[in-house]
Structures are given as C-alpha cells and as structure tokens.
Amino acid sequence: MKLLNKVVLVTGAASGIGKTIAVEFAKEGAYVAVNDVSKDGEATVEIIKKIGGKAVFCQADVRDESHVTAMMDYVIEAFGKIDILINNAGVSIRKNIIEAGEEEWTKTMDTNLKGAWLCCKYAIPLMIENGGGCIINIASTHSFRTQPNHFPYQSAKAGMIALTNGICVDFGLKGIRANNISPGFIATPLAFDYLNEFPNREEKIQKIKSAQLTERLGTPEDVAKAAIFLASDDANFIYGANLIVDGGRSIYQKTD
Ligand code: NAI
C-alpha cells in the first residue's frame, strides 16, 4: 500500500476521473475526503466503504470560498490532517474566443482554475502545519496543445500549469510538492458529452484512437495510477512536472 494512512481530498469525485482516483487511493490505504458539488459524491463514499476503506463526503462548490473553508474544516474534523489534495473538479464549455460569453468564461475559469487556487489557498497552511503535503492538479493536454472550439477550457488548464509552478516556488521549501497530470481523451461522462456533439460518434471515437499510439481509449484508472505515483514517496524528488497520460497522442505527428 503506497498511501497508507495518508489523507487525500479529491475534488469533483462524484464522477469520472475523480471518482476513480478516490476509490484507487482508498485501495492504497488512504483516507478519502470525497468532494463534489453534486450529491452523487455520496455514492463514491459508499463504494469506498464497501471495499473496507474510510471516506467522508464533503459537498461543496469549489468556486465558492466559504464552501472551500467549510470543506477544509470538515476534513480536519473527520481525519485530523490533509496530506494530499487533488484538484480535479472541472467543466468544459466548447466555444471559440468570439463566441464565448462572459458567463461561460466565468464558469469555466472559476471551476477549473479559481477552484483549484481556493483549495490550495486553504489546504497548504494545513499541510505545512502538519509537516508538508502533496498537490496534484488535473490539467489537460489542452493546456499546451489545443483544438478548435476549446475556449476558455484550454486557458483555464494552461493556468493550472502555472499555478502548480507557483505552489512549488512559493512553498516547496516548506514541504509542499505539486505536480500536474495532463490527461488526453479519457472515457468519462465529460468526454462522452463532448463526443455526443458529433453527428457520427463512432467515427469520432475511431479518429481519436487513430491519433494515439495505442488503440484503446484512456480510462480513469490510467489517470488514477499516475496520481498514485505522484502522491507516493516514489515521487518525492518530483516538483512541477506535467505527467502526460494520453496514449501518445500529443507527441504523434501522423504522416498519412
Ligand atoms: P466528469 O464530468 O465526469 O467529472 C467532473 C466532476 O466535477 C463532476 O462530478 C462534477 O459534478 C464535478 N464538479 C463540477 N463543478 C464543480 C464544482 N464547482 N465544485 C465541485 N465539483 C464540481 O469529468 P472528468 O472527465 O472525470 O474530468 C475530471 C477532470 O479531468 C476535469 O478537470 C477535466 O477537465 C479533466 N480532464 C478530463 C479529460 C477527459 O478526457 N475526460 C481530459 C483532460 C482533462
């Protein structure tokens, strides 16, 4: 067990990648604080309890500072400390720069980037008090290489990379280690919402597969395994990395 007795807070853990990270961390011996804005996070807690793990549900909107401070208080009350924070909560609205409205900018930036900052703002002092901690920001391959109509998602995700660097530079010497994971296409409800926008969904899936160096689609477990590594002591010399989990898609220049 790589995370025995560690306390992890996973945001957006009612669904997809966050839900799987929460369950896989519990299997590694971590106590899990499951956050989500949706009540469905309770089901993640139930799954963890069924496999003999310890988990609590913290329903909170990461965009709201008062929710985030209450959530931190709740995690401390439940588990006494926070060792690992995983900023995973995210939404994606696909427009271009001209089409996007202020409301869409605010929702996307606030959920993905402001929410991650607020969780860091209130978790880092608790981690320092406890001798240190680890932060993993779930960014995206869109943070460095994007596609049409992914604004302002790619801007929020690019901001997360800079946020990670800032955490390391400001608090690395105080025991805080932060890294990014940039998933490519991962089969989750968010990703399938995106696919549903295409008239020929199956054709789009084939195109995604053929843009990778493996024919299978990425799974939430692929991301969870990367997160377990980055959160474990095996990674304790790694600061500010961006671990790309995309089946090779972002390095592959197809020649036909
Ligand atoms: P998902 O839609 O399955 O899960 C996202 C979760 O975040 C949901 O449970 C949702 O309720 C929660 N959430 C949304 N707004 C919130 C808020 N304000 N406060 C708290 N929770 C909130 O999405 P998925 O695919 O699991 O994505 C998770 C993360 O991974 C996101 O940050 C996403 O941008 C990122 N990502 C996903 C990729 C994919 O292909 N699925 C690729 C690259 C990055």
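Which helix gives the largest share of the lining of the largest cavity? Helix α4, residues 102-129, does so with five residues. The model is predicted. The points below cover its empty spaces, two buried residues with their contacts, its salt bridges, and some backbone features.

**Largest cavity**

- The count of cavities of 30 Å³ or more comes to one.
- The largest cavity holds about 30 Å³ of space.
- Its lining is made up of T11, V62, N87, N88, A89, T111, N112, G115, A116 and C119.
- Sorted by class, this lining of the largest cavity has six polar and four nonpolar residues, with no charged residues.

**Second largest pocket**

- The second largest pocket encloses about 230 Å³.
- Its lining comprises 15 residues, and those nearest the pocket centre are K6, G132, G133, C134 and D233.
- Seven residues in the lining of this pocket are polar, four are nonpolar and four are charged.

**D83**

- D83 sits in the loop that runs between α3 (65-79) and β4 (84-87).
- D83 counts as buried because its relative accessible area is 10%, and the cut-off for buried is under 20%.
- The side chain of D83 makes a polar contact of 3.0 Å with the side chain of K81.
- Apart from neighbours within four places in sequence, D83 contacts N5, K6, V7, M127, N130, G133 and C134.
- Of these partners of D83, K6, G133 and C134 are also among the residues nearest the centre of the second largest pocket.

**S182**

- S182 belongs to strand β8, which spans residues 176-183.
- The relative accessible area of S182 is 0%, so this residue is buried.
- Two polar contacts involve the S182 side chain: one goes to the backbone oxygen of S140 at 3.2 Å, and one goes to the side chain of N242 at 2.7 Å.
- Both S140 and N242 appear in the contact list of S182, which leaves aside neighbours within four places in sequence.
- The other residues in that list for S182 are A139, T141, S143, F144, I161, L243, I244 and V245.
- S182 and A14 are 168 residues apart along the chain, and their C-alpha atoms are separated by 20 Å.

**Salt bridges**

- The model has nine salt bridges, and three of them are described here: K39 with E42, D61 with R63, and R201 with E202.
- In the pair K39 and E42, the closest N and O atoms are 3.8 Å apart.
- K39 is exposed at 51% relative accessibility, whereas E42 is partly exposed at 39%.
- D61 and R63 meet through their side chains at 2.8 Å, N to O.
- D61 is buried at 15% relative accessibility, whereas R63 is partly exposed at 31%.
- R201 and E202 have their closest N and O atoms 3.9 Å apart.
- R201 is partly exposed, with a relative accessible area of 28%, and E202 is also partly exposed, at 48%.

**Backbone features**

- The peptide bond joining F151 and P152 is cis, with omega at about 0 degrees.
- P152 is part of strand β7, residues 151-152.
- N149 lies in the loop that connects β6 (133-138) to β7.
- N149 is not a glycine, yet its phi is positive, near 60 degrees.
- The relative accessible area of N149 is 37%, so N149 counts as partly exposed.
- N5 also has a positive phi without being a glycine, and its value is about 65 degrees.
- N5 is located in the segment before β1 (7-10).
- At 40% relative accessibility, N5 is partly exposed.
- N5 is also one of the residues in contact with D83.

Definitions and conventions
Residues are numbered from 1 along each chain as its sequence is written. This is a predicted model: local features need pLDDT of at least 70, side-chain atom pairs count only at pLDDT 80 or more; totals for chains, interfaces and linings use all residues. Side-chain values use heavy atoms; hydrogens and water are left out. On a 1 Å grid over the protein atoms alone, a cavity is a set of points where a 1.4 Å probe fits but cannot get out, and a pocket is an open set with protein on both sides within 12 Å along at least five of seven lines; lining residues have an atom within 4 Å of a point. Grid points are joined across faces, edges and corners, and a volume is the space filled by probe spheres set on the points. Ala, Val, Leu, Ile, Met, Phe, Trp, Tyr, Cys and Pro count as nonpolar, Asp, Glu, Lys and Arg as charged, and the others, Gly among them, as polar. A salt bridge is a side-chain nitrogen of Lys or Arg within 4 Å of a carboxyl oxygen of Asp or Glu. Buried means under 20% relative accessible area, exposed over 50%, partly exposed in between (1.4 Å probe, protein chains only). Helices (H or I, at least four residues) and strands (E, at least two) are DSSP runs, numbered from the N terminus. A polar contact is a pair of N or O atoms within 3.5 Å; within protein, one must be able to donate a hydrogen and the other to accept it, and residues adjacent in sequence count only if both atoms are side-chain atoms. Contact means heavy atoms within 4.5 Å.
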